[in-house]
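Trainee: Before we discuss this model, could you put the structure in front of us and let me ask about it step by step?

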Amino acid sequence: MCVTTASGEDGWANLATVGQLMRKQQPDFDSRNWGYAKLSDLVRAAELFLIETRPTGGLQVQNKKKNGD
C-alpha cells in the first residue's frame with residue numbers, strides 16, 4: 001500500500017519515501033526482523049516490485065501487478 005501511496009502518476013515511487021511511509025504506519029517495522037539489512041534488500045527478495053536505479057541516485061519501485069492484474 002505504501003508504494004501506491006508514494007507513487008507518482010507514472011506508478012513509480014522513491015524507495016526512501018516508501019520507507020518513511022512504512023515507519024509512520026508501522027513504527028516497529030524493521031527489515032532486519034525479516035533477515036535483511038536494508039529495506040532495498042527486502043524489496044528485491046519479495047519479487048513483488050519492479051526496481052530501477054535512477055541516474056540521480058536512489059531506487060524507484062513499482063508494483064508488478066497493477067489494478068489487480
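**Helix packing, a pocket and selected residues**

Mentor: In this predicted model, a good place to begin is the contact in which Leu15, Gly19 and Met22 of α2 meet Leu39, Ser40 and Val43 of α3.

Trainee: How do the residues of the contact of α2 with α3 divide into nonpolar, polar and charged?

Mentor: The α2 side of this contact is made by Leu15, Gly19 and Met22, and the α3 side by Leu39, Ser40 and Val43. Gly counts among the polar residues in this scheme, whereas Leu, Met and Val count as nonpolar. The division is therefore 4 nonpolar, 2 polar and no charged.

Trainee: Are α2 and α3 roughly parallel or roughly perpendicular to each other?

Mentor: Helix α2 covers residues 15-25 and helix α3 covers residues 39-46, and their axes lie 11 Å apart. The two helices pack at an angle of about 100°, and angles from 65 to 115 degrees count as roughly perpendicular. The answer for α2 and α3 is therefore roughly perpendicular.

Trainee: Met22 and Leu39 both belong to that contact, so to speak of them one at a time, which residues does Met22 touch once its neighbours within four places in sequence are left aside?

Mentor: Met22 lies in helix α2, and its C-alpha atom is 9.1 Å from that of Met1, although the two are 21 residues apart in sequence. With the neighbours within four places left aside, the residues in contact with Met22 are Cys2, Pro27, Phe29 and Leu39.

Trainee: Is Leu39 buried or exposed?

Mentor: Leu39 is found in helix α3, and it touches Leu15, Gly19, Met22, Phe29 and Ser31, not counting residues up to four places away in sequence. Its relative accessibility is 17%, and the cut-off for a buried residue is under 20%. Leu39 therefore counts as buried.

Trainee: Which residues lie closest to the centre of the largest pocket?

Mentor: About 310 Å³ of space lies in the largest pocket, and 18 residues line it. The elements that give two or more residues to this lining are α1 (2-6), α2, α3 and β3 (59-63), and the lining as a whole divides into 15 nonpolar, 3 polar and no charged residues. Closest to the centre of the largest pocket are Val3, Val18, Met22, Val43 and Phe49.

Trainee: In the loop between α2 and α3, where Ser31 has its place, what is the relative accessibility of Ser31?

Mentor: Leaving aside neighbours within four places in sequence, Ser31 is in contact with Tyr36, Ala37, Lys38, Leu39 and Leu42. Ser31 counts as buried because its value falls under the 20% cut-off, and that relative accessibility is 7%.

Trainee: Is Arg32 buried or exposed?

Mentor: Arg32 lies in the loop between α2 and α3, and its C-alpha atom is separated by 8.8 Å from that of Leu42, 10 residues apart along the chain. The relative accessibility of Arg32 is 58%, and the cut-off for an exposed residue is over 50%. Arg32 therefore counts as exposed.

Trainee: What separates the C-alpha atoms of Ala16 and Val61?

Mentor: Ala16 has its place in helix α2 and counts as partly exposed, at 47% relative accessibility. Ala16 and Val61 are 45 residues apart along the chain, and the separation of their C-alpha atoms is 10.0 Å.

Trainee: What value is phi of Glu47 near?

Mentor: Glu47 lies in the loop between α3 and β2 (49-53), and at 58% relative accessibility it counts as exposed. Most residues other than glycine have a negative phi. Glu47, a residue other than glycine, has a positive phi, and the value is near 55°.

Methods
Residues numbered from 1 in each chain as written. Predicted model: local features only at pLDDT ≥ 70, side-chain atom pairs only at ≥ 80, totals over all residues. Heavy atoms only, no water. Axes fitted to C-alpha atoms, helices over the stretch in contact; angles between N-to-C directions. Helix = DSSP H or I, 4+ residues; strand = E, 2+ residues; numbered from the N terminus. Parallel < 35°, antiparallel > 145°, perpendicular 65-115°, else oblique. Contact = heavy atoms within 4.5 Å. 1 Å grid on protein atoms, 1.4 Å probe; cavity = no way out; pocket = protein on both sides within 12 Å on 5 of 7 lines; lining within 4 Å. Points joined across faces, edges and corners; volume = space filled by probe spheres on them. Buried < 20%, exposed > 50% of the residue type's maximum accessible area, 1.4 Å probe, protein only.
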